[in-house]
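Thank you all for making time this morning. I would like to walk you through one chain, going from its overall layout to its core and then to a few single residues.

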Amino acid sequence: MDYDTYGSTAVELAIELANTDRTDPEWARTFLASHDDWFTPGTPLELSPGETHKAGATAELVRAVALAQTQDDVLNRLNELLTLARPRPYATDHDGELHLHYARPDAPVLEQLTTTVAMGLSQVVAQQGWQRLGVCSAEGCDDVYVDTSRNASRRYCSNTCASRSTVAAYRARQKA
Ligand SMILES: [Zn+2]
Ligand SMILES: [Zn+2]
């Protein structure tokens, strides 16, 4: 499996969307601006409040897929997410490498986002197995992650959480 392919990087967009803090009403604008390389250059990155709500629902669905405990559950939630996708793949070499994009290039930004996220996530689940998604084991963190390690050994959302937990476990042993 080549993790540099577009499908497996698109899943990172899904995970980042799911983990984005949505307390600020402008969260979607901030998220889109910091991930603008995912969208066709020139696509307006503005979302109406209604579209922002839909982007939030997509984020919730990604999270639901990652939290699901059985294959049936994953399938149901993944299919719910996929009903939001409007795939129309096309080939591009905009970054110098020939690869596929999932959404039509002239789609509104919400459609590009939802389609890329749903297809990227589904691709990884279908190819790697639903157990590849999980929720961070660090105390006080409930971010989700996708495990692309060779031996599927990942337990934390980030290196920060992994080392924080190692330190905490060490201190707990010292006390005991
Ligand atoms: Zn691209
Ligand atoms: Zn974490």
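When I speak of helices and strands, I mean runs assigned by DSSP, with at least four residues for a helix and at least two for a strand, numbered from the N terminus. Please keep in mind throughout that what you see is a predicted model. Counted in that way, the chain has six helices and four strands, and if you read along the sequence, they follow the pattern α-α-α-α-β-β-α-β-β-α. The radius of gyration is 17 Å, close to the 16 Å that the globule rule gives for 176 residues, so the chain is as compact as a globular protein of that length. The C-alpha trace spans about 60 × 40 × 35 Å along its principal axes, and 30% of the 176 residues count as buried. If we take the contacts between residues at least 6 apart in sequence, 56% of them join residues that are at least 24 apart.

Let me turn to the interior. In soluble globular proteins, nonpolar side chains tend to be buried together. Here the largest nonpolar core holds 40 residues, and the members that touch the most others are Ala14, Ala18, Val62, Val65 and Leu121. Two or more residues of this core come from each of α1 (6-19), α2 (27-34), α3 (49-67), α4 (71-82), β2 (99-103), α5 (109-128) and β4 (144-146). Which of these elements gives the largest share? That is α5, with eight residues.

Ala14 is a useful place from which to look around, since, once we leave aside its neighbours within four places in sequence, we find it in contact with Val62, Val117, Gly120 and Leu121. Gly120 itself sits in helix α5, and it counts as buried because 25 C-beta neighbours lie inside 10 Å, where 20 or more are required. Between the C-alpha atoms of Gly120 and Leu32, which are 88 residues apart along the chain, the separation is 17 Å.

Next, consider how α3 and α5 are arranged: their axes come within 10 Å and cross at roughly 5 degrees, which makes α3 roughly parallel to α5. On the α3 side, the residues that take part are Glu51, Lys54, Ala55, Thr58, Val62 and Val65, and they meet Leu110, Leu113, Thr114, Val117 and Leu121 of α5. Is Glu51, then, buried, partly exposed or exposed? Glu51, which belongs to helix α3, has 17 C-beta neighbours inside 10 Å and therefore counts as partly exposed. Its C-alpha lies 32 Å from that of Ala138, and the two residues are 87 apart in sequence.

Finally, the C-terminal part. UniProt, in an unreviewed entry, places the feature "domain: Zinc finger CGNR" at residues 132-174. In this model that span is 37% helix and 14% strand, and its end C-alpha atoms lie 33 Å apart. One residue that I would point out is Ala152, in the loop between β4 and α6 (159-175). Most residues other than glycine have a negative phi, but the phi of Ala152 is positive, near 50 degrees. Ala152 also counts as exposed, because it has 12 C-beta neighbours inside 10 Å.

Terms used:
Residues are numbered from 1 along each chain as its sequence is written. Chains are lettered from A and ligands numbered from 1 in the order in which they are written. This is a predicted model: local features need pLDDT of at least 70, side-chain atom pairs count only at pLDDT 80 or more; totals for chains, interfaces and linings use all residues. A nonpolar core is a set of buried Ala, Val, Leu, Ile, Met, Phe, Trp, Tyr and Cys residues joined through C-beta atoms within 7 Å. Two residues are in contact if their C-beta atoms, placed from the backbone, lie within 7 Å. The radius of gyration is taken over C-alpha atoms; the globule rule is 2.2 Å times the number of residues to the power 0.38. UniProt positions are given in the numbering used here, feature names are shortened, and annotations may be inferred rather than shown by experiment. Axes are lines fitted to C-alpha atoms, for helices over the stretch in contact, and angles run from 0 to 180 degrees between N-to-C directions. Angles under 35 degrees count as roughly parallel, over 145 as roughly antiparallel, 65 to 115 as roughly perpendicular and the rest as oblique.
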